[in-house]
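Got the viewer open? Let's take a walk through this model, one selection at a time.

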Amino acid sequence: MNRENVLSRRNRLLVLLAAVLVLAAVAVGAVLHAAGRAAQKDQEQAGGPPVRSGKVTLDAPGRGVFRNMAWGPHRDEIASVAADDPTGPRTASGVRCLRFHTAGGTGVCLQAVRGGLREAYRAVVLDAHLRELRHYDLAGVPTRARVSPDGRSVAWTVFVSGDSYAGTAFSTRTSVVDTRTWTVDRDLEDYQVFVDDRPYKRADINVWGVTFADDTRFYATVATAGKTYLVSGDRTARTLRALHENVECPSLSPDGTRIAYKKRVEGASSDAPWRLYVLDLRTLRESATAERRNVDDQAVWRDGHTLVYSLPGDYGSDLWTVPADGSGRPQVAMAAALAPAFTGRAR
Amino acid sequence: MYLTDGRAAPPTAAPGRDSAPGRRAAVVPGTVLVLGTVSLVTDVSSEMVSAVLPLYLVTGLGLSPLGFGLLDGVYNGVSALVRLVGGRLSDRSGHKAVAAVGYGLSAVCKPLLLAVHSLPLIGAVLAADRTGKGLRTAPRDALISLSCEPAGRGRAFGVHRAMDTAGALLGPLVAFLILRAAADGYDAVFTASGCVAALGVLVLLLFVPGRTRGPSAARPPASRAPMRELLRRPAVRRLTGCAVVLGLTTVSDSFLYLTLQRRLTLSESWFPLLPLGTAGTFLLLAVPLGAVADRIGRRRLFLCGHLALLGAYGLLVAPLGDSPALACLVLALHGSFYAATDGVLAAATADAVPAAVRGTGLAVVQTGQAAARFVCSIAFGAAWTAWGDRTALGAAAVGLAVAAAAGALLLRPAPPEPTPEPAR
């Protein structure tokens, strides 16, 4: 037998046992530490925004509705706040969402479903009182959600990960649901894509970040062959037409003339390449906003002049505002909040 | 010669058990079980990470993980090259040592994920992780093949692959149990994954018998240009050719699952479960089919496995409606394909490659197969784009049928084996 082995079998087993104990202690310690930290997040922190449970409705005008990230019992719940007093008291609804959007009295909540043996997600379409109308199982991790201005159409995007073994290929899947007929376009990749007005077919197309103009027309991002395009989509014709390059996560202004989006800028570090830009749809001229930091979010128009977007913050994410016309400077609108929408206004 | 290859005596493997050296192939040697354990443990570790990685990137770090897709091809290319290096290196300086470096490198990468917070750096850590996988695969298979009786190799590889797959199935489960205990506890997942990987390395170091003598003490001259030397052997050439030709028509898993989902209009939530169907079948059938390979011949079973794949393509192309039973059948065939080919190819390679260059030989054949599959992936993507999924898969099926016929021709005449095993 392998005499070169210095240790006897008994001693090797002892070494193994000792190592198992040490490694198990480290692993259990790490889990306990993380569990403790998670428990701590259920404690309200001093100086945070006051959050009380109450009734949240999606058709009351002048409210900001968002995912509350503040620590405490209402963390991750959809909460509302007076739009003109965003730092004021928050009303938490009890509905937990990872991503959320609302318009026209309809809400969409992309949530994690606990209890299974693996992480599962679903998209829940909500009425104005946050009651579930329908839900749809999702194939991956939720990332974007939008409702059309009149509340009839709902869209969401998930990341679908590769299959196994450090698979690093991710792709997106974007679905649109009509809340009156409950017909579902499961994957916008099935639409006919046009680039330079010519039909375009490739296997590597990814679509994400829908923003609705109305129930049939919308804008979105299409990525293919290493490029990203702003496309205008038509649900009746089932087409996506490329309008402009290097546009991700578009957000249409209330008057339908401008698109706020994240642009991959030259010279920025490759892990933080995105800046918030605004594109004029008539002239296709783009202009930078005063926000100079990396923005990896689908911005929201609070009104015709102001963009709201999230940046990493102490409690995961804070909401910031910046004027859409390139003037002014970024300001914190709401600490510890994500995925905002403003009721009583379109988009 | 075979002493220097650590092939001294299979029973080394079962430490303490005083079985008579090298008699029956009925019992799987202890070294195979140890290597299976190492793979199981390591796969638990890696799959813990890959299961939560997208989640971590999107909800933990707030990154969009799309950029990763672009780097994927590069990583695959690197991994193939590294595998050749690992095989060659391990024949010269010891299979165990190189395997340990490979496993060690991947183990170190797990806690490193805690320290990096941007896509390029996370990509770099994953690339290092894959380099470790590339390094260790050929020496590990060489160790398996060298530690068991030639007559029982199919089964031995089957046992190893089954244990490996069991680990891959357990990993995500462990990860989500941790996340259940600790919401957002990605750091805990990575730390625990690192601990598990370290345990795998330790089991390897402690319980896999190493070489009996120092490196290249009494090396046969085979190490000068082993690849050319190897490919001069008809048996190796035929086997490599067969693996490459069949690999060229083996559509990648993700395409198969995508086609399955589209053809059968499966619910979205089913999609992540499809790979589990394949893996489950692989787990169940790896050992029995390995034993069958020992009985009827590894090459024959390797071809039969591809016929199972052809069956899966056929079911997807045929207009058979969209019952869930069909999906189960396709996944069962797909899993059988892996069970009948993955370990079996390694066993067949071991038959054809002399012990002194076993690592190199395994790496050459497996790299040939992997490269061919990569080419197929690109071609299939193009065909999918041009003709749609059904026609593309139909074309792949025709190609696979032709390739299987060619493979049968290549392997059937079975020339008298040039007995690469030293006579005992």
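Start with chain B and follow it from the N terminus: the elements run α-α-α-α-α-α-α-α-α-α-α-α-α-α. That is 14 helices and zero strands. Keep in mind as you look around that this is a predicted model. Now colour chain B by burial: of its 424 residues, 57% are buried. Switch on contacts too, if you like. Among those joining residues at least 6 apart in sequence, 84% link residues at least 24 apart.

Next, select residues 153-181 and 274-296 of chain B, which are helices H5 and H10. Their axes come within 7 Å and cross at roughly 165°. That angle makes H5(B) roughly antiparallel to H10(B), because anything over 145 degrees counts as such. Turn the view until one helix lies in front of the other: H5(B) passes H10(B) in a left-handed crossing.

Which residues make the contact? On the H5(B) side, show the side chains of B:Arg153, B:Arg155, B:Val159, B:Ala162 and B:Leu169, which are among those taking part. On the H10(B) side, those involved include B:Leu276, B:Phe282, B:Leu283, B:Val287 and B:Asp294. Taken together, the residues of this contact divide into eleven nonpolar, five polar and four charged.

Time to hop over to chain A. Select strands S19, S20, S21 and S22: in that order they make an open sheet of four strands, with antiparallel pairing. S19 and S22 (285-288) stand at the edges, each with a single partner strand, so one side of each has no neighbour in the sheet. Look along the sheet and you'll see some turning: neighbouring strands are rotated by 30° against each other on average, direction ignored.

Zoom in on S19(A), residues 248-252. Is this edge strand buried or exposed? Five of its five residues are buried, so the rest of the structure largely encloses S19(A).

Add S20(A), residues 258-264, which pairs with S19(A) in the antiparallel sense over three bridges. For a landmark, click A:Leu252, which stands opposite A:Ile259 in S20(A). Then follow the chain around the hairpin that these two strands form, with five residues between them. Stop at A:Gly256 in the turn, where phi is positive, about 75°.

Last stop: the other edge of the sheet. Select S21(A), residues 274-280, together with S22(A); this antiparallel pair is joined over four bridges. Pick A:Tyr277 and look across to S22(A), where A:Ala288 is its bridge partner.

Technical notes. Residues are numbered from 1 along each chain as its sequence is written. Chains are lettered from A and ligands numbered from 1 in the order in which they are written. This is a predicted model: local features need pLDDT of at least 70, side-chain atom pairs count only at pLDDT 80 or more; totals for chains, interfaces and linings use all residues. Side-chain values use heavy atoms; hydrogens and water are left out. Buried means under 20% relative accessible area, exposed over 50%, partly exposed in between (1.4 Å probe, protein chains only). Two strands pair if DSSP finds at least two bridges between them. Axes are lines fitted to C-alpha atoms, for helices over the stretch in contact, and angles run from 0 to 180 degrees between N-to-C directions. Angles under 35 degrees count as roughly parallel, over 145 as roughly antiparallel, 65 to 115 as roughly perpendicular and the rest as oblique. A crossing is left-handed if the near helix is turned anticlockwise from the far one by less than a right angle, and right-handed if clockwise. Contact means heavy atoms within 4.5 Å. Ala, Val, Leu, Ile, Met, Phe, Trp, Tyr, Cys and Pro count as nonpolar, Asp, Glu, Lys and Arg as charged, and the others, Gly among them, as polar.
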